[in-house]
Amino acid sequence: MPETKSVDNGVNVEAILEARKALTAQPEGAKFVWRAQCEWVRGTHSRSSVEKFYGLGDEQKHRTRYTFDSDHPEIFASEDNGATPVELLMAGLAGCITAGIATVAQNRNIQLHSVKATLEGPMDLQGILGIDTDVRNGFDNIKVTYEIKADATLDEIKAIVAQSQKRSAVYDAVTNPTNVTVEVRKV
Amino acid sequence: MSWQLTQRSIDHVVLERGEVAHSWKTERWRSLRLLTPSWQSRLPGYGYEGADPDGFRTMPETIAFLETYAKVISAPVREHTTVSSVRRTDDGYEVTTDQGTWQCRTVVIATGACNIPMVPALAAALPSEIRTMTALEYKGPEQVEPGGVLVVGASATGTQIAEELQRAGHPVTISVGEHVRVPRTYRGRDIQWWMDKCGVLDDRYDEVDDLVRARHVPSLQLAGSTDRRDVDLNHLSGLGVRHIGRLANVTDGKAQFSGSLRNLCELADLKMNRLLERIDVWAAEQELDGDVEPHHRFDATRLEDSPPLELKLKSGEIRTILWATGYRPDYSWLEMPVLDRKGRLRHEGGVVESPGMYLLGIPFLRRRKSSLIDGAADDTKVLCEHLVRTLDGKAEVHA
């Protein structure tokens with residue numbers, strides 16, 4: 001077992017544990033609202049941005065505004081100005097699980113040296129094109145492969161990745177149904 | 001606790017809504033046996049003296065065991081006495097029952113953790129074609145209409161009932177959430193023997209990482225049986241039971257299931273291997289390696305490549321849903337502000353916030369074994385000592 005001080009995955013676990021304690025006592029502060037905006041550019045190209053969110057009982061803000069272009073590839077006769085939305089979803093899933101891996105590893109005093117995820121999401125386009133109504137629109141499944149170099153046994157590394165999935169917001173959002181409400185206003 | 005109090009000459013009564021061993025008589029299915037071997041039910045001043053210490057007590061044997069114990073220790077039990085309220089008074093408590101009211105200085109709550117079956121709110125959206133039943137209502141397969149059964153929950157109760165129903169000819173699907181996989185037998189010894197000997201069951205509540213989590217760990221996937229078989233998911237799939245993810249939603253006559261099944265099985269396999277590792281390390285330290293079988297690991301949980309994410313509830317494929325989704329205690333009679341926002345009793349190792357009030361027999365009350373019959377001896381000893389100090393006006397906050 002490495003010394004506590006020598007393990008540094010860049011995660012401030014003390015702060016997270018403090019926050020956990022504080023939010024256990026003040027559960028209202030744990031209620032967050034995430035927000036994103038999206039504007040159509042042209043064709044299948046649109047640009048989403050995130051900046052503000054709500055949490056800890058108040059309005060919060062990212063350090064800066066982040067934008068994400070999404071589009072379809074040229075083989076769909078689009079201009080390919082950005083990632084397809086399903087690729088952004090995979091990026092969200094990988095980002096979430098990977099952040100969890102760093103956090104759990106830090107909490108377990110395990111030094112990470114490298115973490116690489118490869119994601120594959122097979123999809124039958126007969127669904128979204130309406131060719132076959134028995135085929136769903138979404139992914140058939142998503143396969144994530146992690147290659148991790150860390151000062152730990154394979155089982156310890158597997159346990160970190162499993163625990164990260166268990167605590168991942170995006171993993172939950174992808175694996176479980178969520179009610180989605182879309183409202184429309186004419187302007 | 002009655003034995004402990006009698007040993008210390010403390011006047012007390014034991015109130016019982018039915019008869020001794022009431023919940024064992026009325027709230028269990030017929031084929032159930034204790035999950036712990038007979039030698040392990042070591043009550044204060046009373047243990048197992050029969051010919052089969054490694055066997056598992058049937059329900060009639062468990063009932064007889066508890067009835068005999070109550071007689072042997074001359075427990076002052078008032079049967080058919082239902083408590084309707086407990087209130088704080090100036091110098092103690094007022095306990096109201098359907099057989100009169102008691103004034104007392106201390107109260108010990110030993111009503112258990114499994115009073116009310118938890119049924120998820122989504123049950124309200126089930127189509128009327130589906131019959132539902134809780135594990136508390138389940139007595140045997142004859143109660144279940146012919147046809148497919150969805151058992152929701154894969155801990156000790158869910159896996160045992162799924163096995164029984166599959167064997168009775170029902171096509172069973174088991175919805176699997178977080179679960180704890182352990183083998184019945186490891187290296188030639190019962191898993192409870194190992195956990196008892198190597199100290200796992202003695203792990204203390206004030207030494208575990210996350211006590212709230214420890215108190216809510218699902219029951220082990222174990223069954224007591226004459227052939228000592230496992231009831232893990234691999235055993236069930238061998239019988240033809242189908243595994244499906246955690247029940248996540250019911251909509252438009254369909255049940256939807258989580259896609260997290262693979263990870264939950266991975267978590268359970270890894271957790272089991274950590275327990276076996278702890279056992280192996282202990283066995284090596286004790287130089288037991290020649291006396292027991294060699295160490296080994298079990299096959300990972302086998303799942304189909306793409307477990308279904310949806311079941312149609314109006315197609316006739318599923319006729320009955322059996323909820324094996326856990327229980328919660330009933331404190332509705334406790335007319336005191338001692339519950340937290342989740343309805344859990346606030347206590348420190350069984351010492352309730354209200355002076356002179358104690359809690360017994362819930363998971364990880366003081367030790368991992370607190371929910372076992374075998375956990376009663378240690379817990380009641382410590383809490384009875386605290387109770388005596390309370391009566392003497394010398395009690396501190398912690399036991």
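**View 1. Strands S16 and S17 of chain B pair side by side.** Strand S16 (residues 247-251) and strand S17 (residues 254-257) of chain B pair in the antiparallel sense, over four bridges. This is a predicted model. Asn249(B) has its bridge partner in S17(B): Gln256(B). S16(B) and S17(B) form a hairpin, with two residues between them. In the turn sits Asp252(B), whose phi is positive, at about 50°. Most residues other than glycine have a negative phi.

**View 2. A hairpin joins S4 and S5 of chain B.** Two residues make the link between S4(B) and S5(B). Strand S4 (residues 92-97) of chain B runs antiparallel to S5(B), and five bridges join them. Glu94(B) finds its bridge partner, Gln103(B), in S5(B). How many of the five residues of S5(B) are buried? The count is zero: strand S5 (residues 100-104) of chain B is hardly covered.

**View 3. Helix H2 of chain A keeps its expected span.** The helix covers residues 85-107 of chain A, 23 residues in total. At 1.5 Å a residue, H2(A) should span 33 Å. Its end C-alpha atoms are 33 Å apart, so the expected span and the model agree. Many residues of this helix can be picked out as buried. Among them are Met90(A), Leu93(A), Cys96(A) and Ile97(A). Further along, the buried residues include Gly100(A), Ile101(A), Val104(A) and Ala105(A). In an α-helix, residues three or four places apart point the same way, because there are 3.6 residues a turn.

**View 4. The buried residues of H2(A) pack against helices and strands of chain A.** The helices are H1 (13-25), H3 and H4 (169-175) of chain A. The strands are S4 (112-120) and S5 (143-150) of chain A. Just after H2(A) comes Asn109(A), with a positive phi of about 60°.

**View 5. Ala77(A) sits in a loop before H2 of chain A.** The loop lies between strand S3 (58-70) and H2 of chain A. Phi of Ala77(A) is near 60°, a positive value in a residue other than glycine. Is Ala77(A) buried or exposed? Ala77(A) has 9 other C-beta atoms within 10 Å, so it counts as exposed; the cut-off for exposed is 12 or fewer.

**View 6. Ala21(B) lies in a loop of chain B.** Strand S1 (14-15) and helix H2 (22-26) of chain B flank this loop. Ala21(B) is not a glycine, yet its phi is positive, at about 70°. Ala21(B) has 18 other C-beta atoms within 10 Å, so it is partly exposed.

**View 7. The largest nonpolar core has 75 residues.** Those with the most contacts inside this core include Ile160(A), Val151(B), Ile174(B) and Leu322(B). Which helix gives the largest share? Helix H8 (residues 261-285) of chain B does, with ten residues. A second, separate core holds 18 residues, including Met1(B), Val86(B), Val95(B) and Leu387(B).

**View 8. Leu322(B) meets residues from elsewhere in chain B.** Its neighbours within four places in sequence are left aside here. Leu322(B) is in contact with Met133(B), Ala135(B), Tyr138(B) and Val149(B). Its contacts also include Val151(B), Val152(B) and Ile161(B).

**View 9. Chain A touches chain B.** The contact takes ten residues from chain A and twelve residues from chain B. Helix H3 (residues 154-166) of chain A gives the most to the chain A side, with six residues. By class, the chain A side has three nonpolar, four polar and three charged residues.

**View 10. Chain B is divided into two domains.** Domain 1 takes in 2-115 + 329-391, and domain 2 takes in 117-327. Their centres, taken over C-alpha atoms, are 27 Å apart. The contact uses 23 residues from domain 1 and 26 residues from domain 2 of chain B. On the domain 1 side, ten residues are nonpolar, five polar and eight charged.

**View 11. Chain A follows the pattern α-β-β-β-α-β-β-α-α along its sequence.** The chain has four helices and five strands. Its C-alpha atoms fill a box of roughly 55 × 40 × 30 Å along the principal axes. Of the 187 residues of chain A, 16% count as buried.

Methods. Residues numbered from 1 in each chain as written. Chains lettered and ligands numbered in written order. Predicted model: local features only at pLDDT ≥ 70, side-chain atom pairs only at ≥ 80, totals over all residues. Core = buried A, V, L, I, M, F, W, Y, C linked by C-beta atoms within 7 Å. Buried ≥ 20, exposed ≤ 12 C-beta atoms within 10 Å, placed from the backbone. Contact = placed C-beta atoms within 7 Å. Nonpolar A, V, L, I, M, F, W, Y, C, P; charged D, E, K, R; others polar. Expected span 1.5 Å × (residues − 1). Domains from an automatic or database assignment. Pairing = 2+ DSSP bridges.
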